[in-house]
Amino acid sequence: MNILVVEDDPSVRTLVKAVLEHNGNEVSTAETAADGQSKAIENAYDMIVLDLGLPDGDGYEVCKNIRDENVATPVLILSGEQETDVKVKCLKVGADDYLTKPFNTEELIARMEAIKRRTAASGDQTLTCGELKVDLLNREFMINTEKVQLTNNEFNLLVYFLKNRNRVITQEELAEKVWDIHFDTQTNYINVYISYLRKKIREHTETDYIETVRKKGFTFRCDG
Ligand code: CA
């Protein structure tokens with residue numbers, strides 16, 4: 001999974017990051033409410049681990065704000081507060097679970113696995129386009145029955161294309177939405193990733209899904 005950890009305490013942040021990475025996840029971190037919130041809104045994470053007490057705000061606000069922005073990513077809140085009303089408040093602002101500090105790292109992993117199973121059961125976590133199939137939860141890409149290995153950047157690019165199929169997408173839009181960078185001299189950067197993705201798709205199928213629209217950008221063609 002691709003996980004965002006929002007935690008200002010360096011020892012907890014380092015520990016959680018190390019444990020999650022050890023379990024095969026990719027981990028991004030944020031130390032403030034503002035940074036955590038903007039990362040959660042701008043990037044497609046599979047799960048967010050959110051501390052309640054942050055230097056510039058609290059986890060409730062972050063959770064509520066990202067839900068208001070239609071971010072459905074599961075949220076696990078971490079906090080030293082043990083009171084029942086705190087837990088209730090977390091769930092009410094849209095968090096999926098709550099873990100009290102100090103916690104056992106095995107319990108953290110077990111709770112995250114449980115959230116993952118629940119979300120997998122409740123929502124459609126796949127994107128398809130004819131013979132192409134993307135499993136958002138496990139971040140897997142299949143063409144027919146073959147699994148295609150993608151890097152994180154290629155995967156995020158593909159997901160953006162699938163969610164915005166059959167329309168022209170400019171390089172500026174890709175730079176901003178997929179990479180969160182502002183368009184200046186990065187044209188080649190985007191083109192390189194598109195060529196990697198295109199090449200990987202073409203190794204498994206005759207269809208060229210990514211159409212280059214001259215002087216405008218790209219269209220991901222999908223009729224299925
Ligand atoms: Ca804290």
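Let's start with aspartate 8: its relative accessibility is 29%, so it counts as partly exposed. Keep in mind that this is a predicted model. Aspartate 51 is another story: at 3% relative accessibility, it counts as buried.

What do these two residues have to do with each other? Both help coordinate the calcium ion, where Asp8 (OD), Asp51 (OD) and Gly53 (O) sit at 2.2 to 2.3 Å. The pair ties together distant parts of the chain, with aspartate 8 in the loop between β1 (2–6) and α1 (10–22) and aspartate 51 in strand β3 (residues 47–51), 43 residues apart. If you like to see the spacing of the donor residues written out, it goes D-x42-D-x1-G.

Now hop over to asparagine 188, which you'll find in helix α8 (residues 187–202). With a relative accessible area of 54%, asparagine 188 is exposed, because that value is over 50%. Its C-alpha atom is 43 Å from that of cysteine 90, and the two residues are 98 apart along the chain.

Time to zoom out. The protein chain has 8 helices and 14 strands, and its C-alpha atoms fill a box of roughly 60 × 40 × 30 Å along the principal axes. A compact globule of 224 residues would have a radius of gyration near 17 Å, and the chain's 19 Å agrees with that. Of those 224 residues, 45% count as buried. On the outside, the chain exposes about 11700 Å², and carbon and sulfur atoms supply 46% of it.

Finally, the charges: there are 28 positive and 39 negative side chains, and the centres of the two sets lie 5 Å apart.

How values were computed
Residues numbered from 1 in each chain as written. Predicted model: local features only at pLDDT ≥ 70, side-chain atom pairs only at ≥ 80, totals over all residues. Heavy atoms only, no water. Donors = N, O, S within 2.8 Å, 3.2 Å for Na, K, Ca; no water. Helix = DSSP H or I, 4+ residues; strand = E, 2+ residues; numbered from the N terminus. Buried < 20%, exposed > 50% of the residue type's maximum accessible area, 1.4 Å probe, protein only. Rg over C-alpha atoms; globule rule 2.2 N^0.38 Å. Areas by Shrake-Rupley, 256 points an atom, 1.4 Å probe, with all protein chains shown as cover. Lys, Arg positive; Asp, Glu negative; His and termini not counted. Charge placed at Lys NZ, Arg CZ, Asp CG, Glu CD.
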